[in-house]
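Welcome! Here is a short briefing to help you find your way around a structure you have not met before. Have a look at it first, and then we will go through some points together.

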Amino acid sequence: MQFNPVDPSEMSSGQTAKEFPKLADGTYQFVVASAEERIAKSGNEMIQLVLEHTDQDGRIHKVWDYLVGTEAAAWKTYQFCKAANLMAEYEAGRLGENDCTGAIVRATVKLEVSEQYGDRLRVSGYEPSQAARTEAAVAGHAPSSAPAAEISDDDIPF
């Protein structure tokens, strides 16, 4: 491996941010690179997700998110499961790391500024997948953009 050595006194979080630009606030497609079942400091079960987004320059941006098994955090688990097409697991009340790993999701991220933890991207929500939107449209749950035209037997050419 070859690299340009840098004096450690010249390294700063600002320099690192220039070398490795963070994603701007917005919604991106991510792959769940890894998922690990853990116990939160509060004692609640959770899954730690590592989400990866590859930008147009080929750089991989990692974002960590946590799905916590509490009623107060159920909204995020619901959004994630809907986005990852894991609603059967959500409805069964059981989600595992193997269910999550490899899933492709659309997530909205925002920069969170923290002196304690440093600046980091935080997932503020997940969007339903295209497949989930298509299933909803087929099931009649999506609003129609135009009223359905009536077709009579006389309109059928055979």
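Asp 65 is buried in this predicted model, because its relative accessible area of 3% falls under the 20% cut-off. Asp 65 makes a good place to begin, and after it come a pocket, the cysteines and a loop residue.

**A buried aspartate**

- Asp 65 belongs to strand S3, which covers residues 60-68.
- The side chain of Asp 65 is joined to the side chain of Tyr 126 by a polar contact of 2.5 Å.
- Leaving aside residues up to four places away in sequence, Asp 65 touches Ile 47, Gln 48, Leu 49, Leu 51, Lys 76, Val 123 and Tyr 126.
- Tyr 126 therefore appears twice for Asp 65: as its partner in the polar contact and among the residues that Asp 65 touches.

**The second largest pocket**

- The volume of the second largest pocket is about 380 Å³.
- Its lining is made up of 18 residues, and those closest to the centre of the pocket are Val 68, Gly 69, Thr 77, Gly 93 and Leu 95.
- At least two lining residues come from each of these elements: strand S1 (26-39), strand S2 (45-54), S3, helix H2 (74-83) and helix H3 (87-92).
- Sorted by character, the lining holds eight nonpolar, four polar and six charged residues.

**The cysteines**

- How many disulfides does a search of the whole structure find? The search finds zero.
- For Cys 81, which is in no disulfide, the nearest cysteine sulfur is that of Cys 100, 6.7 Å away.
- Cys 100 is likewise in no disulfide, and its nearest cysteine sulfur is that of Cys 81, 6.7 Å away.
- Why is this pair not counted as a disulfide? The sulfur atoms would have to lie within 2.5 Å, and the sulfur of Cys 100 is 6.7 Å from that of Cys 81.
- Cys 81 counts as buried because its relative accessibility is 0%.
- Cys 100 counts as buried too, with a relative accessibility of 0%.

**A leucine between two helices**

- Leu 86 sits in the loop between H2 and H3.
- Is Leu 86 buried or exposed? Leu 86 is buried, since its relative accessible area is 8% and the cut-off is 20%.
- Not counting residues up to four places away in sequence, Leu 86 touches Phe 80, Cys 81, Leu 95, Asp 99 and Cys 100.
- Both Cys 81 and Cys 100 are thus among the residues touched by Leu 86.
- Leu 86 and Asp 99 are separated by 13 residues in sequence, and their C-alpha atoms are 7.7 Å apart in space.

Terms used. Residues are numbered from 1 along each chain as its sequence is written. This is a predicted model: local features need pLDDT of at least 70, side-chain atom pairs count only at pLDDT 80 or more; totals for chains, interfaces and linings use all residues. Side-chain values use heavy atoms; hydrogens and water are left out. Helices (H or I, at least four residues) and strands (E, at least two) are DSSP runs, numbered from the N terminus. Buried means under 20% relative accessible area, exposed over 50%, partly exposed in between (1.4 Å probe, protein chains only). A polar contact is a pair of N or O atoms within 3.5 Å; within protein, one must be able to donate a hydrogen and the other to accept it, and residues adjacent in sequence count only if both atoms are side-chain atoms. Contact means heavy atoms within 4.5 Å. On a 1 Å grid over the protein atoms alone, a cavity is a set of points where a 1.4 Å probe fits but cannot get out, and a pocket is an open set with protein on both sides within 12 Å along at least five of seven lines; lining residues have an atom within 4 Å of a point. Grid points are joined across faces, edges and corners, and a volume is the space filled by probe spheres set on the points. Ala, Val, Leu, Ile, Met, Phe, Trp, Tyr, Cys and Pro count as nonpolar, Asp, Glu, Lys and Arg as charged, and the others, Gly among them, as polar.
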